[in-house]
Amino acid sequence: MAVQEILAGMPWWVKWVAIPALVLLVFGGLITSVLTFVVAVLFKVLLFVALVAGLVYVVRKFKNSTGSREDW
């Protein structure tokens with residue numbers, strides 16, 4: 001409750017401009033590296049899903065084309 005009491009007496013620009021700016025200044029590098037890691041992992045997951053889907057498509061296409069030849 002002490003933080004709320006301290007912030008209650010401050011102007012709006014301290015709560016909504018100065019404090020977020022200080023947070024970005026102090027933790028900006030950490031935030032950037034975490035976001036970079038998350039984006040890299042999501043990209044690799046999407047790439048993996050696309051490669052597996054392509055492999056399944058190719059295998060089904062090949063399986064269907066050889067199956068129709070055996071019916072002759």
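This note comments on the fold, the surface and two selected residues of a predicted model.

1. On secondary structure, the chain is made up of two helices, with zero strands assigned. The second of these, helix α2, covers residues 12-70, and both residues discussed in points 4 and 5 have their place in helix α2.

2. On overall dimensions, the radius of gyration of the chain is 27 Å, whereas a compact globule of 72 residues would be expected to have a value near 11 Å. The box that holds the C-alpha atoms, when taken along the principal axes, is roughly 85 × 20 × 20 Å, and this should be read together with the radius of gyration of 27 Å.

3. On burial and surface, 3% of the 72 residues of the chain count as buried. The accessible surface amounts to about 6,900 Å², and carbon and sulfur atoms account for 77% of that area.

4. On A21, this residue of helix α2 has a relative accessible area of 42% and is therefore classed as partly exposed, given that this class lies between the limits of 20% and 50%. A21 is separated from L42 by 21 residues in sequence, and the C-alpha atoms of the two lie 28 Å apart in space.

5. On L51, which is also located in helix α2, the relative accessibility is 57%, so the residue counts as exposed, the cut-off for that class being over 50%. Between L51 and T36, which are 15 residues apart along the chain, the C-alpha separation is 22 Å.

Notes. Residues numbered from 1 in each chain as written. Predicted model: local features only at pLDDT ≥ 70, side-chain atom pairs only at ≥ 80, totals over all residues. Heavy atoms only, no water. Rg over C-alpha atoms; globule rule 2.2 N^0.38 Å. Buried < 20%, exposed > 50% of the residue type's maximum accessible area, 1.4 Å probe, protein only. Areas by Shrake-Rupley, 256 points an atom, 1.4 Å probe, with all protein chains shown as cover.
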